[in-house]
Amino acid sequence: MKKTLDLRSDTVTRPTAAMKEAMMQAHVGDDVFGEDPGVNELEQYAAELFGMGAALFCPSGTMTNQIAIRVHCRPGDEVICDKLSHIYHYEGGGIAYNSGASVRLLNGDHGRFTAEDIAANINNPEDIHLPLSRMVSTENTCNKGGGSIWNFDQLLPIAALCHEKGLAFHLDGARLFNALVETKEKPADYGKVFDSISICLSKGLGAPIGSLLLGDEAFIKKSRRVRKVMGGGMRQAGSIAAAGLYALQNHVKRLKEDHKNAHLLSEIIGGSPLISEILPVETNIVVARIHPGTDTTKLLAMLKENGILAVGFGAGAIRFVTHLDFNSNDLNDFKERWNKTVSVL
C-alpha cells in the first residue's frame with residue numbers, strides 16, 4: 001500500500017526516532033508548581049535563544065497568542081493586525097471571547113504592512129466613541145499569505161511607532177524559524193524588537209505538541225496566571241517539553257529541505273490548466289488558486305482518492321504544506337498522482 005502524502009499542514013508530522021528517545025529519557029515533575037525540570041529547561045533555552053526575560057510552555061500556538069492578547073489588552077481595547085492574520089481567522093473568535101477586544105484589520109501585502117499603515121489606524125485616545133488602540137500583531141511567516149516572510153527592516157519602524165504610541169508589539173511566530181533559515185537573521189534579533197513572541201514547536205519543527213510564549217519576566221508572570229485560567233496548566237509535561245527542546249536544537253536547519261520541496265511541488269502543479277495562480281512560494285506553504293471552471297471540493301476529493309491530502313483555503317484556493325515527513329523521494333509520487341488526478345478533471 002502506497003504512502004499517503006499528507007500535505008494538509010506541517011502539524012501532521014510525527015516524532016522522529018531520536019525525538020522519541022529524548023522524550024523517553026525526560027525527567028518530569030509538576031509544572032504548575034514550577035517543578036518539571038524538562039519544562040524549565042525548555043523555557044530557559046528558548047528565553048536565552050531569543051534574548052528575552054522568560055518563556056512559558058503551553059499546549060498550542062492559539063493559546064500562546066490568546067494569552068498574549070489577554071495580558072496586553074483590557075476589555076474594550078483594539079488589536080491592530082492584517083486581515084489575513086491567524087489570530088483573526090483561525091482562533092475561534094478568541095480575541096473577543098477571551099479578551100473582550102475588537103480588531104482593526106489592515107489590507108497589507110500577503111499579510112505584511114507598514115508603520116504608515118499602523119499610524120493611519122491608531123484611534124484617537126481622547127475620542128470616547130472609539131476603542132483604545134492597545135496592541136499590534138504581526139505574523140511571520142504569514143499562513144494565509146502563502147508562507148510570506150517579513151522584511152526585518154520593515155519591522156523596526158513599526159516597533160518604534162508602537163513604543164512611541166504606547167502600543168504592545170506582538171509576534172505570532174508560529175513558523176518564525178521557517179523565515180529565519182531563509183533570512184539568516186537570529187532569534188535574538190526578534191527578541192529585541194517585540195514585547196511578546198509566540199513560537200510553535202509542533203509545525204515544521206516536528207514536535208507532537210506545544211508552543212512557547214516569550215517576553216520579559218513581568219509579562220510571563222502575568223501570562224502564567226492567564227494560562228492557568230484558560231486551563232493550560234500542565235503537570236508532568238517534561239516528556240513533551242523534551243520533544244520541543246529536541247526540535248529547537250535539531251530540526252531548525254532542515255526546514256530548508258521543506259522549502260526546496262515546496263518550490264518543486266509548486267512547479268509540478270503550476271503547469272496544470274486547473275491552476276490560475278500560485279502565491280509566491282517563500283517557505284513551506286504552497287497556496288494555489290483554482291481556475292474558476294474547476295470544482296475545488298471535487299478536486300480535493302479526487303486528490304484524496306489518489307493518496308494526496310490537501311485543504312481548501314478560502315474560495316477557489318487549496319493549500320499544500322511540506323514538512324519533515326514529506327521528502328524529495330515523495331515528490332515523484334506526488335507528480336504521478338497529481339497528473340493522474342487532473343487528467344480526468
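Trainee: Across which strands does helix α2 lie?

Mentor: In this predicted model, helix α2, residues 37–50, lies across β2, β7 (196–200) and β8. The helix runs at about 130° to β2.

Trainee: What is the order of the strands in the open sheet?

Mentor: To read a sheet, one follows the pairing of its strands. Here the seven strands are arranged as β2-β8-β7-β6-β5-β3-β4, and their pairing is mixed. At the edges are β2 (54–58) and β4 (102–106), each of which pairs on one side only. From one strand to the next, the twist averages 20°.

Trainee: How many bridges join β2 to β8, and are the two strands parallel or antiparallel?

Mentor: Strand β8 covers residues 211–215 and is joined to β2 by five bridges, the two running antiparallel. One of the residues to inspect is Ala55, whose bridge partner in β8 is Leu214.

Trainee: Which residues does the cis peptide bond join?

Mentor: The angle to examine is omega. It is about 0° for the cis bond between Asn140 and Thr141. Thr141 belongs to the loop between β5 (132–139) and α7 (152–165).

Trainee: Where does His110 lie, and is Lys184 buried or exposed?

Mentor: His110 is located in the loop that links β4 and α6 (115–119). Although His110 is not a glycine, its phi is positive, about 50°. His110 counts as partly exposed because its relative accessibility is 28%, between the cut-offs of 20% and 50%. Lys184, in the loop between α8 (176–183) and α9 (187–191), is also a non-glycine residue with a positive phi, near 70°. Lys184 has 58% relative accessibility and therefore counts as exposed.

Key: Residues are numbered from 1 along each chain as its sequence is written. This is a predicted model: local features need pLDDT of at least 70, side-chain atom pairs count only at pLDDT 80 or more; totals for chains, interfaces and linings use all residues. Side-chain values use heavy atoms; hydrogens and water are left out. Two strands pair if DSSP finds at least two bridges between them. Helices (H or I, at least four residues) and strands (E, at least two) are DSSP runs, numbered from the N terminus. Axes are lines fitted to C-alpha atoms, for helices over the stretch in contact, and angles run from 0 to 180 degrees between N-to-C directions. Contact means heavy atoms within 4.5 Å. Buried means under 20% relative accessible area, exposed over 50%, partly exposed in between (1.4 Å probe, protein chains only).
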